[in-house]
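Student: Please give me a close account of a single part of this model, and then set it in its wider surroundings. A connected description would serve me better than a list.

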Amino acid sequence: MDAIRSVGVVGAGTMGLGIAQVCATAGFVTRLFDVNSHQVERAVRTIGENLAAAVAKNKLSEEEKSAVLKRIHPAHSLDELNVDLIIEAAVEKLDIKQDLFRKLEEITNGKSILATNTSSISVTQIGSVLKDPTRCIGLHFFNPADRMKLVEIISGGYTSPEVVDYIRQFSRTIGKNAVLAKDSPGFIVNRVARHFYVESLLLLGNQVATVGEIDALMRSTGFRMGPFE
């Protein structure tokens, strides 16, 4: 398996554009695709605005901003995603992800690593429809992807150890702190966070405190936002 040099991102929504920005900033040629071509155009504009804000804060030079934008290439069809690594950030529906991964495997002749950004769907199930599911892996970013340092790497039931190693190295290259998670519901972060939300709703339902009070209390303990925020 060759080193990862080029990246494709499927889905140009909030998560997809953030992932594309991170990859391009780290030096990877990045192709961005969405079934809605206008969404790709909006995503590229938003990335430009994000980078301009970084320049204004002296976190990035104007030259670096231009270089990052030049590395982002809108893809007009899935056929243009013949890259080393494809990161899927599409809608959270198993059948849609399975259909997408089948098409991507065919387009790339089974040579690309196929990573899903799913926050809770089984990576094993997503990869089960592939001819070679060893190249399917979970790579879960957190919103906003350009600022959140954590990523979860989820090894599915078929994922090869070699692919896991490649994704761990890739995560370091794009400046992320990666944790390995088992392919279980919610993985790590979202599984823990569910209690954060549910218990807060119970407190509200039992009239223990108001929405504003619960949010204020959680901020006072170190959370940047309360559960209702």
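Tutor: Contact here means heavy atoms within 4.5 Å. The model is predicted, so local features need pLDDT of at least 70 and side-chain atom pairs pLDDT 80 or more, while totals for chains, interfaces and linings use all residues. Residues are numbered from 1 along each chain as its sequence is written, and side-chain values use heavy atoms, without hydrogens and water.

The part to examine is Val-29, which belongs to strand 2 (residues 29–33); strands are DSSP runs of E, at least two residues, and helices runs of H or I, at least four, numbered from the N terminus. If neighbours within four places in sequence are set aside, Val-29 is in contact with Arg-5, Ser-6, Val-7, Arg-71 and His-73. Despite these contacts, Val-29 has a relative accessible area of 34% and is partly exposed (buried is under 20%, exposed over 50%, partly exposed in between, with a 1.4 Å probe and protein chains only). From Val-29 to Val-189 the C-alpha distance is 29 Å, and the two residues are 160 apart in sequence.

Val-189 leads to a second region, for helix 7 covers residues 189–205 and contains Phe-196. The structure holds three aromatic pairs (rings of Phe, Tyr and Trp, the last by its six-membered ring, with centres within 6.5 Å; planes under 30 degrees apart are stacked, over 60 edge-to-face, the rest tilted). In one of them, Phe-196 meets Tyr-197 in a tilted arrangement, 5.5 Å from centre to centre with 55° between the planes. Phe-196 also pairs with Phe-223: their ring centres are 4.8 Å apart and their planes lie at 15°, so this pair is stacked. Phe-223 sits in the segment after helix 8 (211–220), so the stacked pair ties together parts that are 27 residues apart in sequence. Ring pairs thus link Phe-196, Tyr-197 and Phe-223 into a cluster. Within this cluster, Tyr-197 is partly exposed at a relative accessible area of 39%, and Phe-223 is likewise partly exposed at 40%.

These regions belong to a protein with eight helices and eight strands. Its C-alpha atoms fill a box of roughly 55 × 45 × 30 Å along the principal axes. Of the 229 residues, 44% are buried. Among contacts with a separation of 6 or more, 63% join residues 24 or more positions apart.
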